[in-house]
Amino acid sequence: MAAVLLALLAAATHLVAPAEAAVQRVRIGSTTYLAHGKVRLTGATSANVKKVWVEARRSGRWLRITATTPVKRKKFSLTIARRASAQRVRVASGKARSPARTIRALESDACGVRPFKPNGTTWRCTLAENFDGTTLDRTLWKPQTNFATGDALRAACYIDSPDVISVSGGRLRLSVREVEGLGLQLCTALLPSPITRYVAGMVSTYHRFTQQYGRFEARMKSPVVGAPGFQESFWLWPDDRVPTAVKWPAAGEIDVAETYSVHPDLAIPFLHYTANDNGGPVPGLNTAYCHAPRGEFHRYTLVWRPRTIEVYVDGRLCLRNTSADAAFQKPYILLFTQALGTAENAFRGGARLPVTMEVDYVRAWQ
């Protein structure tokens with residue numbers, strides 16, 4: 001009798017044991033492309049799924065790329081960023097995985113991946129210069145030869161020579177150097193004393209490329225010299241084919257980044273405008289002091305709109321001007337300069353020449 005009771009008890013226990021847990025299911029329903037390179041994945045799950053995340057295929061493996069997101073009423077919504085190349089993604093929970101989806105790459109053009117404007121649309125490339133080859137592209141760049149740099153004690157003449165302007169290894173190199181041997185440089189820009197022992201390099205897009213408003217960016221490196229005397233610049237100047245009734249500084253100048261060897265950790269933007277040049281430097285208005293140590297490549301970006309001018313260093317906002325001055329309502333050209341300094345940054349020796357700045361690329365968008 002006892003044996004019969006035990007058998008009946010065992011059968012009853014088997015009948016009421018918990019059923020094996022239901023299989024979890026995850027499914028992506030829609031893929032929506034949003035502004036600023038974002039993508040929203042929405043879908044549904046089985047009732048026993050409480051949270052989900054996104055995995056992406058990277059280097060032959062599936063890697064988790066988002067934090068967990070709660071599932072509400074068997075629905076989920078997750079947002080991820082698009083990349084420069086197309087990517088395969090899936091939504092996961094526990095051991096459940098949705099079928100994979102392909103996310104389109106970000107839009108690209110000659111400048112690379114198209115950056116986003118504040119309204120979520122993308123900038124369009126208008127200039128992409130990577131300094132490929134071994135010579136300066138003179139359809140785009142004009143060496144400047146009608147100026148000098150420095151002060152009355154030591155001045156350098158800008159010349160068109162591979163000694164001070166060269167392209168190799170994907171970089172533009174601009175130098176300042178002393179004339180070799182006992183030679184002297186005749187420099188009409190230094191009249192009435194047109195003789196110097198120093199020469200330098202400067203290039204511009206004079207009558208070759210000009211643009212009003214947009215985004216401009218250069219990646220460049222200022223040399224480590226350990227002494228005052230040297231200045232490097234990425235700047236814009238008004239196109240002289242546009243008539244103007246005023247002279248500099250009211251006519252305008254946009255110095256995206258000036259670096260001075262007397263300040264080896266700084267890049268300094270400067271906006272020149274108004275008849276008295278705003279009375280000089282006013283931090284937060286027409287200038288700023290941005291961290292950018294010499295001897296390293298830094299990315300200098302100008303975002304120029306009709307009512308605002310912003311300068312970024314390595315992606316960090318450095319200066320914002322909202323003057324909407326008339327000086328900035330016309331086309332400008334681009335320039336790069338390796339110069340001798342003035343005033344507290346004047347060259348008085350103490351550094352071995354030549355000294356050379358390097359430009360990796362320059363790009364413009366509109």
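**Exercise 1.** Which cysteine does a disulfide join to Cys290?

*Solution.* This is a predicted model. Step one: find the partner. A disulfide joins Cys290 to Cys318, with an S to S distance of 1.5 Å. Step two: place both ends. Cys290 lies in strand β26 (residues 290-291) and Cys318 in strand β29 (residues 316-321), 28 residues apart. Step three: assign the hand. The torsion about the S-S bond is about -50°, so this disulfide is left-handed. Step four: check burial. Cys290 has a relative accessible area of 5%. Buried means under 20%, so Cys290 is buried.

**Exercise 2.** Work out the hand and setting of the disulfide between Cys111 and Cys125.

*Solution.* Start with the distance: S to S is 2.0 Å. The torsion about the S-S bond is about 60°, so the link is right-handed. Cys111 sits in the loop between β10 (108-109) and β11 (112-113), while Cys125 is in strand β12 (residues 125-129). Cys111 is buried at 4% relative accessibility. Cys125 is buried at 16%.

**Exercise 3.** Describe the link of Cys157 and Cys187, then give the overall pattern of disulfides.

*Solution.* The S to S distance is 2.2 Å. With 80° about the S-S bond, the link is right-handed. Cys157 belongs to strand β15 (residues 155-158); Cys187 is in the loop between β18 and β19 (195-196), 30 residues away. Cys157 is buried at 4% relative accessibility, and Cys187 at 1%. Now count: the structure holds 3 disulfides. Counting bonded cysteines along the chain, the pattern is 1-2, 3-4, 5-6.

Key. Residues are numbered from 1 along each chain as its sequence is written. This is a predicted model: local features need pLDDT of at least 70, side-chain atom pairs count only at pLDDT 80 or more; totals for chains, interfaces and linings use all residues. Side-chain values use heavy atoms; hydrogens and water are left out. A disulfide is a pair of cysteine sulfur atoms within 2.5 Å. Helices (H or I, at least four residues) and strands (E, at least two) are DSSP runs, numbered from the N terminus. Buried means under 20% relative accessible area, exposed over 50%, partly exposed in between (1.4 Å probe, protein chains only).
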